[in-house]
Structures are given as C-alpha cells and as structure tokens.
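Biologist: I would like to learn how to read pockets and a residue that lines one. Can we work through a case?

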Amino acid sequence: MVLALVFGRVHQSADDPRSVASTVLGAAALLAVVAAFLLADFDPPWLLEGGFAAFGVVCAALIHGALRSSRWRSVLGNRGLVSVGRLSYSLYLVHWPVSLAVKSRFHHTGVPAIVLMLAATVAAAVVLHRTIEQPLRRRPASNRLVLTAG
C-alpha cells in the first residue's frame with residue numbers, strides 16, 4: 001500500500017517535487033513508526049537518551065506528509081480511521097480496565113480473548129463517548145464545574 005501511494009503520487013505529479021517529497025517523507029515515516037512498534041523493546045536506555053525525541057520527529061514527518069499529500073489525506077480520511085480518531089480518548093480511557101477484566105475472567109490471552117477485549121473496548125468506548133464525553137463537550141461553558149487550586 002505504501003509503495004502504491006508513493007509510486008502513484010510520483011506518477012501523478014512528477015512536476016511538483018514538494019508534493020512528491022511530502023509523499024515519500026510520509027511513507028518513510030509511516031514505515032519507521034510501524035517498525036518501531038513491531039521491533040522496539042519497551043525498556044531500552046536509548047529511548048531516554050533521545051529516542052523519544054527522535055520518535056516525535058518521525059511522527060511530525062508523518063503528519064507533514066499526511067497534510068501535504070492528497071493520497072495520504074484520502075487514506076487517513078477513511079471513515080473507519082476517522083471514527084477511531086473520534087473515539088480515541090474514550091478508547092484510551094477504557095482499554096486498560098477492559099483488558100484487566102477480560103484477562104482476570106478468562107485466564108488466557110489467545111485470539112478469542114483478544115477479539116473479546118477489542119469488542120468490549122470498542123463497545124465501552126462508544127458508550128463513554130456518547131453518554132459522558134459528548135454531552136460534556138456540548139454543554140455551554142457557563143454550566144461547567146470549574147475547579148481551581150489556591
């Protein structure tokens with residue numbers, strides 16, 4: 001898919017080197033992010049010695065490539081990915097408790113448990129998003145509880 005995006009974009013707009021460069025930069029950054037998730041250990045000392053900063057730069061390059069390239073925008077504008085983006089905070093909040101609950105209940109981590117965790121996480125995130133997050137966002141600022149320290 002990445003090669004199709006790069007070569008398709010190069011073929012379409014060979015006269016615009018900035019667009020081609022953005023597409024290639026985005027593809028390289030995407031490969032680096034995927035490689036980091038698949039290959040990196042969670043405890044290496046290099047992460048604290050500039051690794052997190054380097055990863056941030058690579059993510060910025062990925063975002064730049066996505067914003068400058070119409071191919072990347074069309075891929076990232078996919079309805080499913082946009083939905084995951086809208087639910088991302090709720091997914092973040094519920095994924096760990098759901099994972100712990102499923103693991104404690106079923107005592108194994110095979111494919112059925114993973115599928116159950118994913119389904120339960122998405123269901124809980126949708127409920128949280130619709131019943132708490134969205135109503136709070138739509139409420140006028142004057143009706144919100146404000147906590148101050150002092």
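Modeller: We take the pockets and then one residue of a lining, in a model that is predicted.

Biologist: How is empty space found, and what volume does the largest pocket have?

Modeller: Rolling a probe the size of a water molecule over the atoms shows where empty space is left. Here the largest pocket holds about 300 Å³ of space. Its lining has 14 residues, and Ala36, Ala40, Trp46, Leu47 and Phe55 lie nearest the centre.

Biologist: Which helix supplies the largest share of that lining?

Modeller: Helix α3 does, with five residues. Both α2 (17–39) and α3 (51–68) supply at least two residues each. By class, the lining of the largest pocket has 12 nonpolar residues, one polar and one charged.

Biologist: What lines the second largest pocket?

Modeller: This pocket, of about 240 Å³, has a lining that includes Leu91, His95, Trp96, Lys103, Met117 and Thr121. Helix α5 (79–106) and helix α6 each give at least two residues, and α5 gives the most, with six. Seven of the lining residues are nonpolar, three polar and one charged.

Biologist: Take Thr121: is this residue buried or exposed?

Modeller: Buried means under 20% relative accessible area. Thr121 counts as buried because its relative accessibility is 10%. Thr121 sits in helix α6, residues 111–138.

Biologist: What does Thr121 reach or touch?

Modeller: Its side chain reaches the backbone oxygen of Met117 at 2.6 Å. Setting aside neighbours within four places in sequence, Thr121 is in contact with Leu91, Val94, His95 and Val98. Met117, Leu91 and His95 also belong to the lining of the second largest pocket, as does Thr121.

Technical notes
Residues are numbered from 1 along each chain as its sequence is written. This is a predicted model: local features need pLDDT of at least 70, side-chain atom pairs count only at pLDDT 80 or more; totals for chains, interfaces and linings use all residues. Side-chain values use heavy atoms; hydrogens and water are left out. Helices (H or I, at least four residues) and strands (E, at least two) are DSSP runs, numbered from the N terminus. Buried means under 20% relative accessible area, exposed over 50%, partly exposed in between (1.4 Å probe, protein chains only). A polar contact is a pair of N or O atoms within 3.5 Å; within protein, one must be able to donate a hydrogen and the other to accept it, and residues adjacent in sequence count only if both atoms are side-chain atoms. Contact means heavy atoms within 4.5 Å. On a 1 Å grid over the protein atoms alone, a cavity is a set of points where a 1.4 Å probe fits but cannot get out, and a pocket is an open set with protein on both sides within 12 Å along at least five of seven lines; lining residues have an atom within 4 Å of a point. Grid points are joined across faces, edges and corners, and a volume is the space filled by probe spheres set on the points. Ala, Val, Leu, Ile, Met, Phe, Trp, Tyr, Cys and Pro count as nonpolar, Asp, Glu, Lys and Arg as charged, and the others, Gly among them, as polar.
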